[in-house]
Amino acid sequence: MQWQLGKEHVLALQSVGLAGVSNAISAATTNPVDVLKVRMQLAGEGVAAQHMGIRQSAEKIFADEGARGFYRGITPSLLREMFYSGIRMGLYEPTKQAIGGTGSTSLAIKVLAGAITGATGSIIANPLDLIKVRMQSVTGTHTPYSSVLAAIREISREGGSVRSLWRGAGPTVQRASLLTASQVPSYDHMKHLIIDNNYMHDGYACHFLCCMGAGVIAAAVTSPIDLAKSRIMAQPIDQASGKGLLYRNTFHCLRRIVQIEGFLALFKGFNGQWLRIGPHTTISLMVFEQLRRMSGMQYL
């Protein structure tokens with residue numbers, strides 16, 4: 001008995017590939033801002049009311065590490081996008097249709113589809129996300145790992161199990177669910193509201209406007225969880241137990257931040273978060289839409 005892929009499966013796999021490529025292009029463009037965001041989130045960890053602005057952070061990175069410092073973690077970042085964003089964005093439309101989405105789909109179904117694909121992609125790509133954050137968090141000229149494979153081997157020895165590669169998976173999945181549930185559905189919903197009411201036609205200008213709106217929404221929704229993810233992934237590890245020395249889980253991390261650093265510390269790195277998610281959303285979705293059109297697929 002020969003197993004063959006149906007047309008819908010081929011289209012879904014094609015969509016995953018196109019989404020991965022479009023997000024990798026976006027990640028390569030925005031990696032300097034991603035490094036800035038991580039450094040701002042980790043600045044003053046455990047110290048009350050200590051914040052670093054974008055300019056101050058950028059000047060410090062350039063002074064200490066040169067221009068190369070802004071491209072720390074670029075290899076795991078690109079690999080992560082191929083898997084994580086390929087799944088979360090590429091499978092959004094098939095998942096939306098599978099759970100009842102039709103021509104006029106409710107916002108609730110779109111949000112649910114985004115949460116499902118975001119969580120799925122983030123679980124699979126968590127090791128690459130962990131490596132990316134660790135590479136980006138190290139200051140100075142020191143490089144924590146010589147390559148992605150070396151990082152996988154070394155992290156796997158923390159606690160004596162490959163489970164160490166899924167450290168921080170809790171906040172990663174939570175962030176990814178919130179991100180995709182806010183970013184892609186808001187873009188999808190805004191675009192169809194604009195088109196259905198004949199304000200604009202389905203093209204570059206409409207896509208750009210909706211991408212910018214989706215980027216602002218996604219940054220606001222995910223900022224505290226993204227902070228917790230960076231803190232948990234970059235924290236020192238007890239080599240004997242393989243457990244983090246500072247934070248047990250997302251809630252414990254956020255509670256400690258509020259208690260020690262103040263409530264506003266939950267939004268450390270927000271400017272960097274928005275400066276990354278805004279352009280990242282715009283580039284990835286606009287490139288994805290055009291790649292879909294060029295390959296004979298419909299726009300989202």
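This report describes the overall fold and the internal cavities of a predicted model.

## Fold and dimensions

The protein chain contains ten helices and zero strands, so its radius of gyration can be set against the globule rule: the value is 20 Å, close to the 19 Å given for 300 residues, and the chain is therefore as compact as a globular protein of that length. Along its principal axes, the C-alpha trace extends over about 50 × 50 × 35 Å.

## Burial, contacts and surface

Of the 300 residues in the protein chain, 51% are buried. Among contacts with a separation of 6 or more, 76% join residues 24 or more positions apart.

The exposed area of the protein chain is about 13,900 Å². Carbon and sulfur atoms contribute 64% of this area.

## Internal cavities

Empty space left among the atoms is revealed by rolling a probe the size of a water molecule over them. Four cavities of 30 Å³ or more are present in the structure, and the largest cavity holds about 70 Å³ of space.

## Lining of the largest cavity

Three helices, α3 (74-90), α7 (169-196) and α10 (270-294), each provide at least two residues of the lining of the largest cavity. The largest share, five residues, belongs to α3. The lining consists of N23, R80, E81, Y84, S85, R88, R175, L179, Q183, R276, I277 and H280.

By class, the lining of the largest cavity comprises five charged, four polar and three nonpolar residues.

Conventions. Residues are numbered from 1 along each chain as its sequence is written. This is a predicted model: local features need pLDDT of at least 70, side-chain atom pairs count only at pLDDT 80 or more; totals for chains, interfaces and linings use all residues. Side-chain values use heavy atoms; hydrogens and water are left out. On a 1 Å grid over the protein atoms alone, a cavity is a set of points where a 1.4 Å probe fits but cannot get out, and a pocket is an open set with protein on both sides within 12 Å along at least five of seven lines; lining residues have an atom within 4 Å of a point. Grid points are joined across faces, edges and corners, and a volume is the space filled by probe spheres set on the points. Helices (H or I, at least four residues) and strands (E, at least two) are DSSP runs, numbered from the N terminus. Ala, Val, Leu, Ile, Met, Phe, Trp, Tyr, Cys and Pro count as nonpolar, Asp, Glu, Lys and Arg as charged, and the others, Gly among them, as polar. The radius of gyration is taken over C-alpha atoms; the globule rule is 2.2 Å times the number of residues to the power 0.38. Buried means under 20% relative accessible area, exposed over 50%, partly exposed in between (1.4 Å probe, protein chains only). Contact means heavy atoms within 4.5 Å. Accessible areas come from the Shrake-Rupley method with a 1.4 Å probe; for residues, only the protein chains shown count as cover.
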